[in-house]
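Here are a few short exercises to work through with the model open beside you. Try each task before reading its solution.

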Amino acid sequence: MQIERYETGKRMSQAVTYGGFVFLAGQVAIDAPGASVREQTTKILARITRLLESVGSNPTRIVSTTIWLADISSFEDMNTVWDAWVPAGHAPARATVEARLAGPEFTVEIGMIAAIGT
């Protein structure tokens, strides 16, 4: 089995495939810094959808997700967007924690593992 890396930079790849799975790096709303939690979550999930599709996966194939919130009191705002995005009957194993993120302009970060295929 071959390891393939996508959107690779100096420090990390945005996605890595191996053994029938794709491992996504933690995604932040790089195109919406300082925006609301809902807007950042929307941007992140759109980016995740694009990354999943680029490696032959989709949101129904997600097996595990970790969500980091800069402030856990924004849990419901994030969940409002998340619940509308996750296909019914396909909720992954998930952990959500409060953490200091890469910069104060980011309020949400989401990483996940998904199976490749349809």
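A residue counts as buried when its relative accessible area is under 20%, as exposed when it is over 50%, and as partly exposed in between. Please keep in mind that this is a predicted model.

**Exercise 1. Describe the protein chain as a whole.**

Step 1. Start with burial: 42% of the 118 residues of the protein chain count as buried.

Step 2. Turn to the surface. The protein chain exposes about 6500 Å², and carbon and sulfur atoms supply 53% of that area.

Step 3. List the secondary structure. There are two helices and six strands, and along the sequence they follow the pattern β-β-β-α-β-α-β-β.

Step 4. Judge the compactness. The radius of gyration is 14 Å, close to the 13 Å that the globule rule gives for 118 residues, so the protein chain is as compact as a globular protein of that length.

Step 5. Add the outline and the contacts. Along the principal axes, the C-alpha atoms fill a box of roughly 40 × 35 × 20 Å. Of the contacts between residues at least 6 apart in sequence, 70% join residues at least 24 apart.

**Exercise 2. Work out how helix H1 and helix H2 pack.**

Step 1. Two packed helices are described by the angle between their axes and the distance between the axes.

Step 2. Find the two values. Helix H1 covers residues 37–54 and helix H2 residues 75–85; they pack at an angle of about 35°, and their axes are 8 Å apart.

Step 3. Give the handedness: H1 passes H2 in a right-handed crossing.

Step 4. Name the partners. H1 brings Val37, Arg38, Thr41, Thr42, Leu45, Ile48 and Thr49 to the contact, while H2 brings Asp77, Met78, Thr80, Val81, Trp82 and Trp85.

Step 5. Sort these contact residues: seven are nonpolar, four polar and two charged.

**Exercise 3. Are threonine 41 and tyrosine 6 buried, exposed or partly exposed?**

Step 1. Place threonine 41 in helix H1. Its relative accessible area is 0%, so threonine 41 is buried.

Step 2. Look at what surrounds threonine 41. Beyond residues up to four places away in sequence, threonine 41 touches Met78, Val81, Trp82, Val108 and Ile110.

Step 3. Now go to tyrosine 6, in strand S1 (residues 4–8). With a relative accessible area of 24%, tyrosine 6 is partly exposed.

Step 4. Check the contacts of tyrosine 6. Leaving aside neighbours within four places in sequence, they are Ser13, Gln14, Ala15, Thr17 and Val55.

Note on methods
Residues numbered from 1 in each chain as written. Predicted model: local features only at pLDDT ≥ 70, side-chain atom pairs only at ≥ 80, totals over all residues. Heavy atoms only, no water. Axes fitted to C-alpha atoms, helices over the stretch in contact; angles between N-to-C directions. Helix = DSSP H or I, 4+ residues; strand = E, 2+ residues; numbered from the N terminus. Left-handed = near helix turned anticlockwise from the far one by under 90°. Contact = heavy atoms within 4.5 Å. Nonpolar A, V, L, I, M, F, W, Y, C, P; charged D, E, K, R; others polar. Rg over C-alpha atoms; globule rule 2.2 N^0.38 Å. Buried < 20%, exposed > 50% of the residue type's maximum accessible area, 1.4 Å probe, protein only. Areas by Shrake-Rupley, 256 points an atom, 1.4 Å probe, with all protein chains shown as cover.
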